[in-house]
Amino acid sequence: MNIMDLKHLYKKLCYNFNIAYRPLRLNFTLTDYCNLRCPTCSKWKETNHQTELSKEHWQRIINGVSGFGLSPLVVLTGGEPFLRKDIFDIIGYIVDAGLQPLIISNGSLLNQVKIKTLQQYPIKQITVSLNGIRAATHEMTRGVKGCFEKTFKNLDILADTQIPIVIETILMKQNMGEVIDLVKYAKKKKIKGIAFQVLTASNVHNIYHKEIKSIPEEQWFKSDPFWIDDTEAFTDLVEELINMKRNGFPIINSLEQMKCFPLYFKDQSSIAKLPCMSGIGNFMVDPYGDVRLCYSLMPIGNILNQNPLDIWRSNAAKEIRQQIRSCKAACRLLNNTW
């Protein structure tokens, strides 16, 4: 049994027996700001009136959570984490604490110098968002002209390093004809893998608020221009991807998850029957120190003035886990909850 299977088994056991011993990993959202304007995200549409944590705050947090997770993995995300000028200081704190950083980025702000600096750290993985093999497709989903060339160039530079790379791609109407070529590109460049995500409502990815939930509206997809409505063609595409995975192409998603992709676009209510394990595997700290079990629900405490284990086992955490159990939103098919 590989490590991914063990992690999935752990989450299933915790879910079935209604226990939450420790999180499998830590997630730090370093910033709500981003340099792109993705129509599938809402962060850039909002005005942020909150003050984000300083690097000194993050150093305190990192020292306080060392040894708390069941694995040393710390996922750094945003917004866009490379917008922070102190990103390498924060990465250094993580490494010094004996933890392993995994970075999720749109890749457009990297360059030769930053990648050379990254090589000085034991980076577990860098995940780069890429929605198309052509500039027009990718930039349509990112909202900024010229970002494809930068991201693609930086992927080429990264591919010549020892840093493990994963491409992350949202499946949508506009890129269905390029998905196979993206998989072939990943294999050609000897990239660790490519991970696919289904499209979800843009308000799931919003600026974090203490008082605002961001559960998708029930029929949000009916007006979404990126929604896949040709489910027959999409089913054929997924079958081809499954065959590619079986033949050694580096697709990260499990077969079980991939088989659910066509069901998601045909009938979201069928996905709601699957268990959501968001409250079991991840301990998420937002840019203001609030801890969350789900990106869309209320925080369960603040890491700056509470012990992580106390937060994890608090009554607030139990209440949110119950809300997650009764939630019908289909965003559970995203990688972080599967």
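Start with the whole chain of this predicted model. Of its 338 residues, 56% count as buried. Buried here means under 20% relative accessible area.

Stay with the full view. Along the principal axes, the C-alpha atoms fill a box of roughly 50 × 45 × 45 Å. The radius of gyration is 19 Å, which agrees with the value near 20 Å for a compact globule of 338 residues.

Switch to cartoon. You will find 13 helices and nine strands. Now think about contacts between residues with a separation of 6 or more: 73% of them join residues 24 or more positions apart.

Next, show the surface. The accessible area comes to about 15400 Å². Carbon and sulfur atoms hold 51% of that area.

Colour by charge. There are 42 positive and 32 negative charges. The mean positions of the two sets lie 4 Å apart.

Hide the surface and go inside. In soluble globular proteins, nonpolar side chains tend to be buried together. Select Phe 28, Leu 118, Ile 126 and Leu 241. These residues have the most contacts inside the largest nonpolar core, a set of 91 residues.

Centre on Leu 118. Which residues is Leu 118 in contact with, leaving aside neighbours within four places in sequence? Two are phenylalanines, Phe 82 and Phe 88. The others are Ile 91, Ile 103, Leu 110, Ile 123, Ile 126 and Ile 163. Ile 126 is already in your selection, as one of the core residues with the most contacts.

Last stop: select Tyr 10, Cys 14, Tyr 15 and Ile 280. They are among the six residues of a second, separate core.

Key. Residues are numbered from 1 along each chain as its sequence is written. This is a predicted model: local features need pLDDT of at least 70, side-chain atom pairs count only at pLDDT 80 or more; totals for chains, interfaces and linings use all residues. Side-chain values use heavy atoms; hydrogens and water are left out. Helices (H or I, at least four residues) and strands (E, at least two) are DSSP runs, numbered from the N terminus. The radius of gyration is taken over C-alpha atoms; the globule rule is 2.2 Å times the number of residues to the power 0.38. Buried means under 20% relative accessible area, exposed over 50%, partly exposed in between (1.4 Å probe, protein chains only). Contact means heavy atoms within 4.5 Å. Accessible areas come from the Shrake-Rupley method with a 1.4 Å probe; for residues, only the protein chains shown count as cover. Lys and Arg count as positive and Asp and Glu as negative; His and the chain ends are not counted. The place of a charge is taken as NZ of Lys, CZ of Arg, CG of Asp or CD of Glu. A nonpolar core is a set of buried Ala, Val, Leu, Ile, Met, Phe, Trp, Tyr and Cys residues joined through side-chain atoms within 4.5 Å.
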